[in-house]
Amino acid sequence: MRSINHFKADLTGWIGALCMLVFAVIAIYKFNQSGLLFFLMLFLRDIFAAWFLITREISQQKATNKIYELLAYTSSALPLFYIQQSDASLFALKLCSLMAIFGFMISTLALFELGTSFGISPTKRSIRDGGLYRYFRHPMYLGYVIAESGFMLLSPLNIGLFVISVIMYWLRAKTENKILR
Amino acid sequence: MKKFFQVLTIVLALMAVVQVVTSQEQAHADPFHEPGI
């Protein structure tokens, strides 16, 4: 069994894990209310993300500029702000849901591949090149972009938010590439 | 262990797709707004 990092050695990991546990509780609550299996998959992702955050490897190198950390956390929270017009059609809602399922499936698979190298802000831990990482450099971001693209069907205002979100993922990926080089 | 949970994720995703496709009512009035960690 992996050792849990000391609280003071990786405080951000513990805070991140706490956030993920809150998301896990919300996901299981939504599953209980709606019976939608998507939320069960999300619960699985959130529980494991929390576990990986408290058991993760100590970083070898971090982004020196705090702006990159801010960018990472802002980008993580941004999808919560997509809106839905009340007159959205059932077809649009279903398509949006299917893209979310597909996108989050890719991101969850990538999370399992990343394991204890997982982090939110750009940091160098051991590099993973198996599974989806064999084909894509940033499969987690790819999954989120796929999931979020469906929201453009629900409101034209989401197009602007989606473009900002994609730019943020691109910047995060660029920063990570620089650190992992 | 990793493979087991990856397979479980795929199975859950496929079942979720079937659930969305076959649902007749507007079950997704609140689409999946989730954080992109």
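**Notebook: chain A and its helix contact with chain B**

I began with overall size: for 181 residues a compact globule would have a radius of gyration near 16 Å, and chain A agrees with this at 17 Å (taken over C-alpha atoms, the globule rule being 2.2 Å times the number of residues to the power 0.38). I noted that this is a predicted model, in which local features need pLDDT of at least 70, side-chain atom pairs count only at pLDDT 80 or more, and totals for chains, interfaces and linings use all residues. Residues are numbered from 1 along each chain as its sequence is written, while chains are lettered from A and ligands numbered from 1 in the order in which they are written.

I then looked up the extent of the C-alpha trace of chain A, which spans about 50 × 35 × 30 Å along its principal axes.

For secondary structure I found 6 helices and 2 strands in chain A, in the sequence order α-α-β-α-α-β-α-α (DSSP runs numbered from the N terminus, helices being H or I of at least four residues and strands E of at least two).

Last, I turned to helix 4 (residues 90-114) of chain A, which packs with helix 1 (residues 2-22) of chain B at an angle of about 180 degrees, their axes 10 Å apart (axes are lines fitted to C-alpha atoms, for helices over the stretch in contact, and angles run from 0 to 180 degrees between N-to-C directions). The angle therefore makes helix 4 of chain A roughly antiparallel to helix 1 of chain B, a term for angles over 145 degrees. Among the residues making this contact I listed Leu98(A), Ile101(A), Phe5(B) and Ile10(B), where contact means C-beta atoms, placed from the backbone, within 7 Å.

Definitions and conventions
Angles under 35 degrees count as roughly parallel, over 145 as roughly antiparallel, 65 to 115 as roughly perpendicular and the rest as oblique. Two residues are in contact if their C-beta atoms, placed from the backbone, lie within 7 Å.
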